[in-house]
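Colleague: I would like to get to know one part of a protein model properly, rather than skim over the whole thing. Could you walk me through it slowly, as you would for someone in their first year?

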Amino acid sequence: MTTTALFMNQALGLAAQALFLSNPNPRVGCVLVAPDGRVIGQGFTQQPGGAHAEVMALRDAAAAGFDTNGATAYVTLEPCAHQGRTGPCCDALVAAGIGKVVASIADPNPLVGGQGFARLRAAGVEVEVGPGGAESRELNIGFFSRMVQGMPWVRMKLAASLDGTTALHNGTSQWITSPAARADGHAWRARACAVLTGIGTVLEDNPRLDVREWDTPRQPHLVVVDSQLLTPPDAQLFIAGRACYIYAAIQSDAKKSALEARGATVVTVPGPHGKVDLPAMLRDLAQRGVNELHVEAGHKLNGSLLREGLVDELLVYLAPTLLGSGLGMAHIGPLQALAQGQALEFTDVERVGPDLRVLARVPGRDRF
């Protein structure tokens, strides 16, 4: 492994520590290396409004009394060049005397989009781009999707028996998979900006859909697809400090007021047949800063999202049991030909406790 690869892998490891912390900002890591090859500072992006990875690394070096003049910064995303809640990271690197920046990939944010590299070069800082680019992009797949496409990255989570049953005909589904699989599912909830469900799940299960089985500094937002505004104001999903967005297809001032009194934001996006316009909902969520959208819904809403081509990735937990007929993963049939099925690519298969976790991606959905 080359020296560049070694330090960039270290920076990518730091970026992964921002997985549950930095939303909606990208997950970024930075390692500062002195001219003699010593690591003198490191950091990763903090919560929104907090310091970015480069500033954290500079602070780390300063706290240890290291001189950053002439050092190389290995950073997993182009240093920002705009004034947001914090100042431009490219300016902070220049002020610290950094001599070279090795970055994994350019920032897709149009407020940055190469400007960070340009300002560094204009200040005499050498810039190299590319090492770790694929890994950094994958770690920030939702951020790239939102910035490039104006849509969140939609990941649908499912738990089923080996023969694909997610619930018995009487609705019983707790619990098909193991405690280990459920805890792992909570980790995927925690990394998302928002968790989405449908009104059917709310009425049948009265879920909280928060993160309870994984240590996380923040709770993801909750999104409910509720065409007729049937969400009960006393539902368990209203949790203090968590944003809740309810998307409806009708206007009802009385129902809207009751839900907003519980802290919800009600958004009306009517679509065909009295249903919510799902693409419009996703575009609105992107404007609200949602990078990754984690779907935990019933087979009807799952089917609607799949039929409209809005799902990017499936996260499926399969239990080593056969349950026979019951409710399936998604209502997408009946189909007339095998070619009409949704093609997928397996990207990862791993055992979690006694269960299997399968990640499957819609081909081409990550080419943006």
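To start with the whole chain, how many positive and how many negative side chains does it have, and how far apart do the centres of the two sets lie? After that, please take a close look at helix H2: which of its residues are buried, which are exposed, and what covers the buried ones?

Modeller: Happy to! Please keep in mind that this is a predicted model. The charges come first: the chain has 31 positive and 34 negative side chains, and the centres of these two sets lie 4 Å apart.

A little more background will help you place the helix. There are 11 helices and 14 strands in the chain. Its radius of gyration is 23 Å, close to the 21 Å that the globule rule gives for 368 residues, so the chain is as compact as a globular protein of that length. Along its principal axes, the C-alpha trace spans about 65 × 45 × 35 Å. Of the 368 residues, 52% are buried. The surface that the chain exposes comes to about 16,200 Å², with carbon and sulfur atoms supplying 53% of it. Contacts often reach across the sequence too: among those between residues at least 6 apart, 71% join residues at least 24 apart.

Now for your helix. H2 runs over residues 53-63, and its buried members are Ala-53, Glu-54, Ala-57, Leu-58 and Ala-61. Viewed down the axis of H2, these buried residues fall within an arc of 135°, so they line one face of the helix. A general rule helps you to read such a pattern. An α-helix has 3.6 residues a turn, so residues three or four places apart point the same way. Now turn H2 around: on the other side, Arg-59, Ala-62 and Ala-63 are exposed. Alanine therefore appears in both groups, with Ala-61 among the buried residues and Ala-62 among the exposed ones.

What lies over the buried face? The cover includes three strands, E1 (29-33), E2 (39-44) and E3 (72-75), as well as helix H3 (89-95). After H2 comes Gly-65, which has a positive phi, near 80°.

Let's follow the chain onwards from there. Thr-68 sits in the loop between H2 and E3. With a relative accessible area of 11%, Thr-68 is buried, because the cut-off for buried is under 20%. Leaving aside residues up to four places away in sequence, Thr-68 touches Leu-32, Ile-40, Leu-58, Ala-61, Ala-96, Gly-97 and Ile-98. You have already met two of these partners, since Leu-58 and Ala-61 are among the buried residues of H2. Residue Leu-32 falls within E1 and Ile-40 within E2, two of the strands that help to cover H2.

Strand E1 also gives us a path back to the helix before H2. Leu-12 is part of helix H1 (residues 3-16). At 11% relative accessibility, Leu-12 counts as buried. Gly-29 is 17 residues away from Leu-12 along the chain, yet their C-alpha atoms are separated by 5.8 Å. Beyond residues up to four places away in sequence, Leu-12 touches Thr-76, Gly-132, Glu-135, Ser-136 and Leu-139.

On the way from H1 to E1 there is something else to look at. Pro-24 has its place in the loop between these two elements, and the peptide bond leading from Asn-23 to Pro-24 is cis, with omega near 5°. Here is the background for that detail. Most residues other than glycine have a negative phi, and most peptide bonds are trans. The bond from Gln-174 to Trp-175 is cis as well, with omega near 0°. You will find Trp-175 in the loop between strand E6 (153-161) and helix H7 (179-191).

Finally, compare the positive phi of Gly-65 with two residues other than glycine. Leu-229 has a positive phi near 55°, and that of His-273 is near 60°. Leu-229 lies in the loop between strand E8 (221-225) and strand E9 (244-248), where it is buried with a relative accessible area of 4%. His-273 lies in the loop between strand E10 (264-268) and helix H10 (278-287), and it is exposed, with a relative accessible area of 78%.

Methods
Residues are numbered from 1 along each chain as its sequence is written. This is a predicted model: local features need pLDDT of at least 70, side-chain atom pairs count only at pLDDT 80 or more; totals for chains, interfaces and linings use all residues. Side-chain values use heavy atoms; hydrogens and water are left out. Buried means under 20% relative accessible area, exposed over 50%, partly exposed in between (1.4 Å probe, protein chains only). Helices (H or I, at least four residues) and strands (E, at least two) are DSSP runs, numbered from the N terminus. The arc is that of the directions from the helix axis to the C-beta atoms. Contact means heavy atoms within 4.5 Å. The radius of gyration is taken over C-alpha atoms; the globule rule is 2.2 Å times the number of residues to the power 0.38. Accessible areas come from the Shrake-Rupley method with a 1.4 Å probe; for residues, only the protein chains shown count as cover. Lys and Arg count as positive and Asp and Glu as negative; His and the chain ends are not counted. The place of a charge is taken as NZ of Lys, CZ of Arg, CG of Asp or CD of Glu.
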